[in-house]
Amino acid sequence: MREFNTSPDERRHDEILTELLGSRGVSCNLMAPIGFDYGWNTHVGENFFANMDLIVLDVCEVRIGENCMFGPRVSLLTATHPIASGPRAELLESGQPITIGSNVWLGGHVVVNPGVTIGDHTVIGSGSVVTRDIPSNVVAAGNPCRVIREITDEEIRHWERLAEEYRAAAR
């Protein structure tokens with residue numbers, strides 16, 4: 001990770017991610033700096049982008065689907081500790097896996113807690129703390145994170161029209 005975080009060589013970044021991660025899609029772009037507990041417990045799908053300061057405490061498995069985007073300073077935290085102070089003082093630790101579906105966008109400063117699953121096609125608003133599962137096809141935000149609304153077909157068509165206009169103008 002130290003080499004990834006200090007090297008300007010994007011080709012070397014790609015090699016490091018292949019060595020570090022448990023599995024990854026071909027198109028996998030993480031902006032330095034990054035931080036992982038292990039790396040090999042993290043599995044990333046095709047077409048993944050994470051902005052700066054991604055932190056993954058992967059004491060157990062983290063699965064990220066295809067076509068996901070993470071804003072800056074996203075934290076995926078599988079590690080957990082006892083609520084009771086005595087055992088916690090003994091530095092006991094356990095973990096619960098995190099699963100993030102495909103086509104998910106996590107805004108900046110999102111924290112995903114141990115044991116959470118986020119469904120496909122979901123947007124999590126900036127600054128959210130995700131403490132429980134979030135279903136597919138919704139916009140969710142807050143602390144604790146909660147569903148704000150479903151993503152509608154009309155909204156999808158609107159954004160697809162804007163994307164087509166943008167592509168046409170770029171030609």
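1. A good place to start is the first of the two sheets described here: an open sheet of five strands, ordered β3-β6-β9-β14-β17 and paired in the parallel sense. Its edge strands are β3, residues 34-36, and β17, residues 129-130, each of which pairs on one side only. At the β17 end, the partner is β14 (residues 111-112), and two bridges hold this parallel pair. If you want a spot to look at, V111 stands opposite V129 of β17. Please keep in mind throughout that this is a predicted model.

2. The second sheet is also open, has five strands and pairs in parallel, with the order β1-β4-β7-β12-β15. Here β1 (23-24) and β15 stand at the edges; each has a single partner strand, so one side of each is left without a neighbour in the sheet. Within the sheet, β7 and β12 are parallel and share three bridges. A handy landmark is V62, which faces I98 in β12.

3. Now for an antiparallel pair. Strands β18 (residues 138-142) and β19 (residues 145-150) are joined by five bridges and run antiparallel. They form a hairpin with two residues between them. One bridge to check by eye is that of V139, whose partner in β19 is R149. The loop of this hairpin is worth a second look: P144 sits in the loop between β18 and β19, and the peptide bond leading from N143 to P144 is cis, with omega near 0°.

4. There is another cis bond to note, from A32 to P33, again with omega near 0°. P33 belongs to the loop between β2 and β3. As background for this point and the next, most peptide bonds are trans, and most residues other than glycine have a negative phi.

5. Which residues other than glycine have a positive phi? N47 is one of them, with phi near 60°; this residue is in the loop between β4 (42-44) and β5. H121 also has phi near 60°, and lies in the loop between β15 (117-118) and β16 (123-124). How exposed are these two residues? N47 has 40% relative accessibility, so it counts as partly exposed. H121 has a relative accessible area of 37% and is therefore partly exposed too.

6. H121 turns up again around S102, a residue of the loop between β12 (98-100) and β13 (105-106). Beyond its neighbours within four places in sequence, S102 is in contact with G65, E66, C68, D120 and H121. The contact with E66 joins parts of the chain that are 36 residues apart, with 4.6 Å between the two C-alpha atoms.

7. The largest nonpolar core has 34 residues, and the members that touch the most others are L30, F70, L76, I100 and L106. Elements giving two or more residues to this core are α2 (10-20), β2 (28-30), β3, β5 (48-50), β6 (54-57), β7 (62-64), β12 and β18. Of these, α2 gives the most, with three residues. Grouping of this kind fits a general pattern: in soluble globular proteins, nonpolar side chains tend to be buried together. For a closer view, follow L106: leaving out residues up to four places away in sequence, it touches M69, F70, G71, V74, L76, I100, V112, I118 and I124.

8. Helix α2 also holds R12. Apart from residues up to four places away in sequence, R12 touches E3, S7 and E19. For a sense of span, compare R12 with V147: they are 135 residues apart in sequence, and 39 Å separates their C-alpha atoms.

9. Last, the largest pocket, which holds about 630 Å³ of space. Its lining has 16 residues, of which N103, W105, V123, I151 and W159 are the closest to the centre. What classes of residue make up the lining? Eight are nonpolar, six polar and two charged. Helix α4 (residues 153-170) gives the most to this lining, with four residues.

Key:
Residues numbered from 1 in each chain as written. Predicted model: local features only at pLDDT ≥ 70, side-chain atom pairs only at ≥ 80, totals over all residues. Heavy atoms only, no water. Pairing = 2+ DSSP bridges. 1 Å grid on protein atoms, 1.4 Å probe; cavity = no way out; pocket = protein on both sides within 12 Å on 5 of 7 lines; lining within 4 Å. Points joined across faces, edges and corners; volume = space filled by probe spheres on them. Nonpolar A, V, L, I, M, F, W, Y, C, P; charged D, E, K, R; others polar. Contact = heavy atoms within 4.5 Å. Core = buried A, V, L, I, M, F, W, Y, C linked by side-chain atoms within 4.5 Å. Buried < 20%, exposed > 50% of the residue type's maximum accessible area, 1.4 Å probe, protein only.
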